Amino acid sequence: MEIRIRNLNKDFFSEGKRITALDQVNLDIPANRIFTLLGPSGCGKTSLLRCIVGLETPDKGEIVIGDEIVFSQEKNIYLPPEKRRLGMVFQTYAIWPHMNVFDNVAYPLQTRKLPKKEVSDKVTETLRFVQLAGFEKRPATKLSGGQQQRVALARALVAEPKVILFDEPLSNLDAKLREETRKELRSFLSRLSITAVYVTHDQIEALSLSDMVAVMRNGRIIEMGTPWDIYFNSDQRFVADFIGRANIMDGKIRSVEKGWAVIESAIGTIVCQSRDEAVPGKSVSVCIRPEFIKLLTEAGGEGRNVFRGKVESLVFVGDIQEGEVRIKDTSLSFQVEPTTKIKEGDLINLSFDPAHCSILFN
Amino acid sequence: MQKTNRPLTHVLIVIVGFLTICPVIMLFLGSFTEGLGAFGDFTLKKYIKSYSDPFLGSIVANTVIFTSGSALLATVLAMFLAYLNTRTNIPFKSLFGILSIIPMMIPHVLFAVSWALLLNPSNGMINLLFKQLLGLAESPFNIYTLQGMILVEALMDLPMAYLIIAPAMSAFDVSLEESSRVCGASNLRTALRVTLPILRPAILAAITLAIVRSLASFAVPSVIGMPGRNYVLSTHIYRVIATGFAPDYGMAAAVGMSILAASITLIFLYRYLTSEGEKYVTVSSRGYRPTVIDLKKAKYPMFGIVALLSFVLIVLPIVVLFYTSLVPYSMVPSAKAFSLMSWKHWIAVIKDPISMLSLKNSLFLGVAGATLGILLSIFIAYVIVKVRTTASGFLESLSFLSFSFPGIVIGIGFMWFFVYTPLYATIWALLIGYIATYLPYGVRPLSSAFIQIHSHLEESSRVCGGGALYTMRRIVIPLLIPGVVSGWIMMATMFVRELSLSVVLSRPGTEVLAVQILRFAEDGLWGRLSALGIMMIFISTALVITASLIGAKLKRVNK
């Protein structure tokens with residue numbers, strides 16, 4: 001089921017001050033996809049999720065899930081969360097400590113007053129789906145973090161909602177478990193035809209899990225697209241900086257031709273992939289991700305985007321070496337293969353692939 | 001949501017305000033009048049009379065020695081026990097849990113009586129034994145002294161002090177000590193320079209609370225202090241209102257004002273210290289195992305001390321009382337004593353209408369009082385934890401205030417109030433007084449229960465399709481039950497054994513168990529006292545077990 005959000009506004013009052021959590025949010029969340037709201041803490045992503053599920057009431061606007069209006073300020077409609085028939089996984093999992101695994105998962109079915117047999121069949125089936133078969137009688141709080149997370153998922157899925165919402169569900173797990181659980185979650189969700197709305201501040205989670213990502217900042221959605229688009233093609237400085245590691249330099253467009261823009265920057269001229277809005281004379285920023293900075297082994301390589309710099313630092317982090325290189329007065333992050341034989345103080349030649357140098361506005 | 005809660009907060013402030021402020025105001029006003037009959041005529045006579053009393057100096061001196069002595073002894077013992085439990089490899093650690101809980105169920109008046117039975121100079125059992133064995137002419141021990149009072153009071157306050165110090169010791173980050181050791185300090189130096197200073201807020205909090213407790217204590221001063229003419233402030237007030245020809249409530253109020261002032265000051269100090277303590281507690285997030293000190297050869301001797309303390313605190317009082325209830329007069333256990341045993345005292349108690357009335361009254365006060373008190377506490381705790389406005393903060397302070405009320409003093413405040421109402425000399429006067437004085441004991445477990453109910457637990461139920469009422473029934477109430485049960489048990493057992501407030505408010509027809517026990521002690525009817533005492537312990541235990549069973553059942557039937 002798709003979710004349509006129109007002109008949503010929400011203010012909070014905290015210690016006498018008005019804080020805008022959602023500022024004119026318009027959003028179409030496509031059906032049966034994994035959709036992620038990504039942004040730093042306090043950007044409004046959790047507020048938006050809670051408005052969708054009905055735990056918060058927006059001040060203005062309209063929310064439509066499928067073809068049902070669940071909130072509309074104009075039409076004076078507010079459907080309470082228990083009537084919206086959604087599933088949700090909370091950051092804390094919200095596993096009820098006084099119930100065992102079976103009762104936790106059975107709860108949504110019991111609220112719908114389903115016959116006992118059907119409840120137990122569906123719970124068994126759902127627990128098998130999340131690989132917790134046989135855990136029915138365990139006290140839910142005695143499970144490990146990852147298992148509790150799956151109980152919360154089972155509980156959100158058991159009543160077969162058309163939409164499931166996740167509020168930073170992996171943030172309480174340790175790094176290794178988080179990675180495993182993320183992969184699991186992806187495979188669980190891809191086997192169901194369900195719309196998933198996922199809130200996170202972790203860009204790796206957002207990129208690896210989602211079909212579609214919306215980046216939020218100060219209560220607004222500032223960019224939306226596939227993970228690939230967001231990572232490579234964003235034209236916004238905030239997005240490029242927030243997602244992945246990025247070297248961002250200020251510059252001015254000198255000329256534009258045949259899809260390439262030539263930009264004057266502190267380290268010299270850089271050739272970038274052009275954009276429609278790029279016109280000569282405009283002040284912009286250039287984004288070069290460390291993974292696209294190549295070390296040239298042959299001395300004195302010529303051509304576009306070749307620079308010479310001094311290695312300022314180099315750290316071996318296992319699968320790669322991360323370093324800083326100084327070109328003129330600008331330090332850039334770069335990375336090389338772990339076996340590359342360079343050391344601090346070396347002068348090296350670098351090249352940036354123009355296809356992966358992007359222009360950023362504002 | 002906020003809108004619907006505002007009236008609730010205000011209603012609660014009015015109720016709790018009445019319960020806690022009203023007796024204080026009445027005490028204050030009463031202290032400036034001639035007596036109960038002459039309310040409203042301002043006079044300073046009672047202050048002049050009570051504070052120019054030549055004996056007051058020695059009474060205050062006694063009070064200071066008694067309260068500080070017992071508080072220090074209780075805290076030192078508690079530190080010793082807490083250290084053994086949290087930091088050493090002493091065997092049978094489960095004993096410490098029992099040691100810190102069970103003594104609270106033994107009514108203080110009975111605990112004090114059992115010591116009097118053992119160590120009183122005329123026929124205390126231990127004294128008799130020594131006289132028999134060694135052929136002494138005089139009793140070697142006399143409990144009816146200031147030292148005796150300090151010993152018994154300290155043993156009674158020990159569990160409370162332990163419950164403050166032990167958590168602080170186990171939350172203590174051992175790496176602080178380890179770094180001191182790495183810096184080259186010895187075990188002893190580390191203890192003195194690092195461990196003790198960091199635990200200081202907890203230790204001072206335990207001492208402060210123990211002083212407040214012993215200042216309010218009436219059982220030990222009356223049962224052990226009065227026979228030896230060692231008066232402290234609480235028994236001084238008692239003497240003013242309960243002995244002699246005309247009870248002087250004006251003078252009692254005038255003396256009470258300074259006890260109340262001291263007590264409230266100490267409680268503020270305690271609150272400051274506990275909030276200070278939180279700053280020091282460095283709980284690391286990752287699970288760490290504190291290094292356990294190997295006691296080696298001292299292991300079993302140390303355990304012997306703990307076992308002895310448990311015996312003295314739990315087993316001895318009950319055994320002594322039971323034994324005394326069966327023998328015709330005080331005698332050392334012997335073949336002769338066993339042959340003389342009978343149920344004579346038990347039968348006398350059962351046939352005594354006043355004892356039976358007191359039993360009935362106390363049972364009613366325990367059950368009805370705790371139930372009403374807990375109902376009130378549920379609402380108060382809800383407002384304090386979940387509403388969180390300025391008004392709810394005020395309510396929190398109000399409901400905490402009675403924590404500092406010495407029973408006998410606040411009883412006099414209530415006396416001034418009830419005399420002008422039809423409640424005077426009814427059981428309802430006692431009920432209201434009990435709830436007012438012991439309200440924090442109900443609010444505390446319920447506040448922590450509400451804190452545990454994270455808002456996500458309720459929200460998740462809403463998303464799962466449970467409406468507000470359904471969520472209340474299946475999520476909120478079941479999660480509250482443990483708090484309700486422990487709060488109810490705490491209040492019910494305190495009400496069944498309540499003494500200090502009751503000695504003021506209890507009138508013919510509203511006798512309660514502890515007061516009746518005190519009467520028996522004053523008359524030297526030790527056998528009947530013990531029989532009634534065992535019944536009292538039995539009732540408390542039965543209430544605890546019933547409440548736990550009902551709680552367990554309610555938790556299971558929540559579907």
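## A tour of chains A and B

Start in chain A and select its six-stranded sheet: the sheet is open, its strands run in the order E7-E8-E9-E3-E10-E11, and the pairing is mixed. Keep in mind as you look around that this is a predicted model.

**Stop 1: the sheet of chain A**

Colour strand E7 (87–89) and strand E11 (220–225) of chain A, which are the edge strands, each pairing on one side only. Turn the view to look along the sheet, and you can follow a twist that averages 20° from one strand to the next.

Now add strand E10 (residues 212–217) of chain A to your selection. E10(A) and E11(A) pair in the antiparallel sense, over five bridges. Which residue is the bridge partner of Arg217(A) in E11(A)? Show side chains here and you will find that it is Arg220(A).

Next, select helix H5 (residues 145–157) of chain A. H5(A) packs on the sheet, where it touches E7 and strand E8 (163–167) of chain A. Compare directions, too: that of H5(A) makes about 170° with that of E7(A).

**Stop 2: where the chains meet**

Show both chains together. Their contact takes 17 residues from chain A and 16 residues from chain B. On the chain B side, helix H20 (455–463) and H21 are the elements that give two or more residues. Which of them gives the most? Select H20(B), which gives six residues. Colour the chain B side by residue class and you will see seven nonpolar, six polar and three charged residues.

**Stop 3: the two domains of chain B**

Hide chain A and give the domains of chain B two colours: domain 1 covers 1–30 + 344–559, and domain 2 covers 55–342. The centres of these domains, taken over C-alpha atoms, are 25 Å apart. Where the domains touch, domain 1 of chain B brings 38 residues and domain 2 of chain B brings 39 residues.

Look at the domain 1 side of this contact. Several helices of chain B each supply at least two residues to it, among them helix H1 (2–30), helix H21 (468–497) and helix H24 (526–556). H24(B) has the largest share, with 12 residues. By class, this side of domain 1 of chain B divides into 25 nonpolar, 11 polar and two charged residues.

**Stop 4: two helix pairs in chain B**

Two packed helices are described by the angle between their axes and the distance between the axes.

For your first pair, select helix H4 (residues 94–101) and helix H13 (residues 299–326) of chain B. Their axes come within 10 Å and cross at roughly 30°. Angles under 35 degrees count as roughly parallel, so H4(B) and H13(B) are roughly parallel to each other. Their crossing is left-handed. Zoom in to see Leu95(B), Ile98(B) and Leu99(B) of H4(B) meeting Val306(B), Leu309(B), Ser310(B) and Leu313(B) of H13(B). This contact has six nonpolar residues, one polar and no charged.

For your second pair, select helix H16 (residues 353–387) of chain B and H23(B). These helices pack at an angle of about 150°, with their axes 8 Å apart. Are they roughly parallel or roughly antiparallel to each other? Angles over 145 degrees count as roughly antiparallel, so that is how H16(B) and H23(B) are described. Finish by displaying the residues that make the contact: Ile354(B), Ser355(B), Ser358(B), Leu359(B) and Ser362(B) of H16(B), with Leu513(B), Val515(B) and Gln516(B) of H23(B). The classes here are four nonpolar, four polar and no charged residues.

Terms used. Residues are numbered from 1 along each chain as its sequence is written. Chains are lettered from A and ligands numbered from 1 in the order in which they are written. This is a predicted model: local features need pLDDT of at least 70, side-chain atom pairs count only at pLDDT 80 or more; totals for chains, interfaces and linings use all residues. Domain bounds come from an automatic or database domain assignment. Two residues are in contact if their C-beta atoms, placed from the backbone, lie within 7 Å. Helices (H or I, at least four residues) and strands (E, at least two) are DSSP runs, numbered from the N terminus. Ala, Val, Leu, Ile, Met, Phe, Trp, Tyr, Cys and Pro count as nonpolar, Asp, Glu, Lys and Arg as charged, and the others, Gly among them, as polar. Axes are lines fitted to C-alpha atoms, for helices over the stretch in contact, and angles run from 0 to 180 degrees between N-to-C directions. Angles under 35 degrees count as roughly parallel, over 145 as roughly antiparallel, 65 to 115 as roughly perpendicular and the rest as oblique. A crossing is left-handed if the near helix is turned anticlockwise from the far one by less than a right angle, and right-handed if clockwise. Two strands pair if DSSP finds at least two bridges between them.
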